[in-house]
Amino acid sequence: LHSTPINPSIVDRPYQHEALRRVAEAFEAGKRRALLVMATGTGKTRTTMALIDVFLQANQARNVLFLADRDALVDQALTDGFKRHLPNEPRDRIYTHQVDKDKRLFVATEQTLALCYSKFSPGFFDLIVFDEAHRSLFKRFSEVIEYFDARMIGLTATPASFIDRDTFR
């Protein structure tokens, strides 16, 4: 991962490159999970797309899943993310009634995946990205998360010291 070039047409800011390299270093050191904390407006979606591109180029991922808790974020990942920055990769949205396993890039709401995750083998996804990871995602969907044997990246704009707090208070 560390020697794979970062596509400058996806990300061009030094801190985005550093974030990519830090996640790559963590995974190369044997970690299976990472948390990417970036302030609102700093390009989490673009940084994530560049990270997925690096994983695909390095043959570290064949199938990637992007999860979010709201339809708007899933649609944004599909159109503003995958379609715009990785246009040549087959992509699809997962619905409970429709799962096309011939794609490489997938998006879904956490609620949908909770209803149909057993349609996939535990090793189907190589990389899973959780948007808005601070919304107590790991507590609500622990069964789904533990089912998959994939590297996982959480995205949040909430500082790490606030992750376990109730963000609505």
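Two strands are said to pair if DSSP finds at least two bridges between them. In this predicted model, strand E2 (residues 64-68) and strand E5 (residues 127-130) run parallel and are joined by four bridges. Within this pairing, Leu67 of E2 stands opposite Phe130 in E5. E2 also has a second partner to look at: with strand E4 (residues 105-109), E2 pairs in the parallel sense over five bridges. Here Val64 has Leu105 in E4 as its bridge partner.

A closer look at E2 itself is helpful for finding one's way around. In a regular strand, side chains alternate between the two faces of the sheet. In E2, Val64, Phe66 and Ala68 point one way, while Leu65 and Leu67 point the other way. Whichever way they point, all of these residues are buried. The strand as a whole is thus described as mostly covered, with five of its five residues buried.

Attention can now turn from the strands to open space in the model. Rolling a probe the size of a water molecule over the atoms shows where empty space is left. The second largest pocket has a volume of about 250 Å³. It is lined by 14 residues, and those closest to its centre are Thr40, Gly41, Lys44, Thr45 and Gln76. Two helices contribute to this lining: helix H2 (44-57) and helix H3 (71-85) each supply at least two residues. As for chemical character, the lining of the second largest pocket divides into seven polar, four nonpolar and three charged residues.

Note on methods:
Residues numbered from 1 in each chain as written. Predicted model: local features only at pLDDT ≥ 70, side-chain atom pairs only at ≥ 80, totals over all residues. Heavy atoms only, no water. 1 Å grid on protein atoms, 1.4 Å probe; cavity = no way out; pocket = protein on both sides within 12 Å on 5 of 7 lines; lining within 4 Å. Points joined across faces, edges and corners; volume = space filled by probe spheres on them. Nonpolar A, V, L, I, M, F, W, Y, C, P; charged D, E, K, R; others polar. Buried < 20%, exposed > 50% of the residue type's maximum accessible area, 1.4 Å probe, protein only.
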